[in-house]
Amino acid sequence: MTEKLETEKEVFNKQLIEIEKELEDIKKFNDYGEVVKVYAKIDKFKLQIKDCHTQIESFNYREEMFKIPASTYESLDLVEDGFKPYYRMWSTAMKFDYEKSNTTNGPLLKNNFSQLEKQVNREFLKETIELTKEFDNLNNDDASKVLGELKEDIEKFREKLWLIELLTT
């Protein structure tokens, strides 16, 4: 039984190396126009991290049963910490894209101007500004490019909010 566990852990360690490489690829995503496609990849990566935590729990449970010291995987913690700002960025971009599309393509009378204005200003714009500062510190030009395009898109949408207010009140 311990041999099977050790074999699984070896496979898992190789998987972690691939996940680290995948994070490096994620850091290079720079096409805001492909937000839906990129977000699908980002969301899949988040699920991979979650699955890794589940595997670690399984390893640790079996190690405890066999009275073996629990394995730790600091590299997964580093990947997860490194991934968080990218997940926030692409999640914000995806949510904004969804709201913008719903607002402009859906029935106008269903829009709540006050709620939409707060969401655009307090959630999307504020988060974009915070993330811009964070990525400036990380010196990631690709992320800065995405955030610049997102902020520009938000600003263009904000310029049209008066029209939504006029049509919905």
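Begin by selecting helices H1 and H2, whose axes come within 11 Å of each other and cross at roughly 155°. Keep in mind throughout the tour that the structure on your screen is a predicted model. Angles over 145 degrees count as roughly antiparallel, and H1 and H2 are therefore roughly antiparallel to each other. If you turn the view until one helix lies in front of the other, you can follow how H1 passes H2 in a left-handed crossing. To see what fills the contact, show the side chains of H1 that take part, among them Leu5, Phe12, Leu16, Ile19 and Leu23, and then those of H2, including Ile42, Phe45, Cys52, Ile56 and Phe59. By class, this contact of H1 with H2 has eleven nonpolar, three polar and five charged residues; among the residues that you can add to the display are Glu8 and Lys9 of H1 and Arg62 and Glu63 of H2.

**Aromatic rings**

Next, turn to the aromatic side chains, for which a search of the whole structure finds nine pairs. Select Phe12 and Phe59, which form an edge-to-face pair with 5.3 Å from centre to centre and 80° between the planes. Which helices hold these two rings? Phe12 lies in helix H1, which covers residues 2-26, and Phe59 lies in helix H2, which covers residues 35-65, so the pair ties together parts that are 47 residues apart in sequence. If you switch on a surface, look for both Phe12 and Phe59 among the buried residues.

Now select Phe96 and Phe157, whose ring centres are 5.7 Å apart and whose planes stand at 85°, so this pair is edge-to-face. Phe96 belongs to helix H3 (residues 74-105) and Phe157 to helix H5 (residues 141-159), so here the pair ties together parts that are 61 residues apart in sequence. Are these two rings buried or exposed? Phe96 has a relative accessibility of 0% and counts as buried, and Phe157, with a relative accessible area of 5%, is buried as well. Before leaving the rings, select Tyr39, Phe45, Phe83 and Tyr87 together, since ring pairs link these residues into a cluster.

**H1 beside H3**

Keep H1 on display and add H3, which packs with H1 at an angle of about 20°, with the axes 10 Å apart. Angles under 35 degrees count as roughly parallel, and H1 and H3 are therefore roughly parallel to each other. The crossing in which H1 passes H3 is left-handed. For the contact, select Leu16, Ile19, Glu20, Leu23 and Ile26 on H1, and then Ser75, Leu76, Val79, Gly82, Phe83 and Tyr86 on H3. Sorted by class, the residues of the contact of H1 with H3 are eight nonpolar, two polar and one charged.

**H4 beside H5**

Move on to helix H4, which covers residues 113-138, and display H5 with it; their axes come within 10 Å and cross at roughly 160°. H4 and H5 are therefore roughly antiparallel to each other, and H4 passes H5 in a left-handed crossing. The side chains to show on H4 include Leu116, Val120, Phe124, Leu125, Leu131 and Phe135, while those on H5 include Ala143, Leu147, Leu150, Ile154 and Phe157. The residues in this contact of H4 with H5 divide into twelve nonpolar, four polar and four charged.

Stay in helix H4 and select Leu131, which has its place there. At a relative accessibility of 0%, Leu131 counts as buried. Which residues is Leu131 in contact with, leaving aside its neighbours within four places in sequence? They are Pro85, Arg88, Met89, Thr92 and Leu147. If you draw a line from the C-alpha of Leu131 to that of Pro85, the two are 7.2 Å apart in space, although they are 46 residues apart in sequence.

**Two loop residues**

Finish the tour in the loops, and select Lys67, which lies between H2 and H3. The phi angle of Lys67 is near 60°, a positive value in a residue other than glycine, and Lys67 counts as exposed at 75% relative accessibility. Then go to the loop between H4 and H5, where you will find Asn139. Phi of Asn139 is near 55°, a positive value in a residue other than glycine, and Asn139 is exposed, with a relative accessible area of 65%.

Note on methods. Residues are numbered from 1 along each chain as its sequence is written. This is a predicted model: local features need pLDDT of at least 70, side-chain atom pairs count only at pLDDT 80 or more; totals for chains, interfaces and linings use all residues. Side-chain values use heavy atoms; hydrogens and water are left out. Rings of Phe, Tyr and Trp (its six-membered ring) pair if their centres lie within 6.5 Å; planes under 30 degrees apart count as stacked, over 60 as edge-to-face and the rest as tilted. Helices (H or I, at least four residues) and strands (E, at least two) are DSSP runs, numbered from the N terminus. Buried means under 20% relative accessible area, exposed over 50%, partly exposed in between (1.4 Å probe, protein chains only). Axes are lines fitted to C-alpha atoms, for helices over the stretch in contact, and angles run from 0 to 180 degrees between N-to-C directions. Angles under 35 degrees count as roughly parallel, over 145 as roughly antiparallel, 65 to 115 as roughly perpendicular and the rest as oblique. A crossing is left-handed if the near helix is turned anticlockwise from the far one by less than a right angle, and right-handed if clockwise. Contact means heavy atoms within 4.5 Å. Ala, Val, Leu, Ile, Met, Phe, Trp, Tyr, Cys and Pro count as nonpolar, Asp, Glu, Lys and Arg as charged, and the others, Gly among them, as polar.
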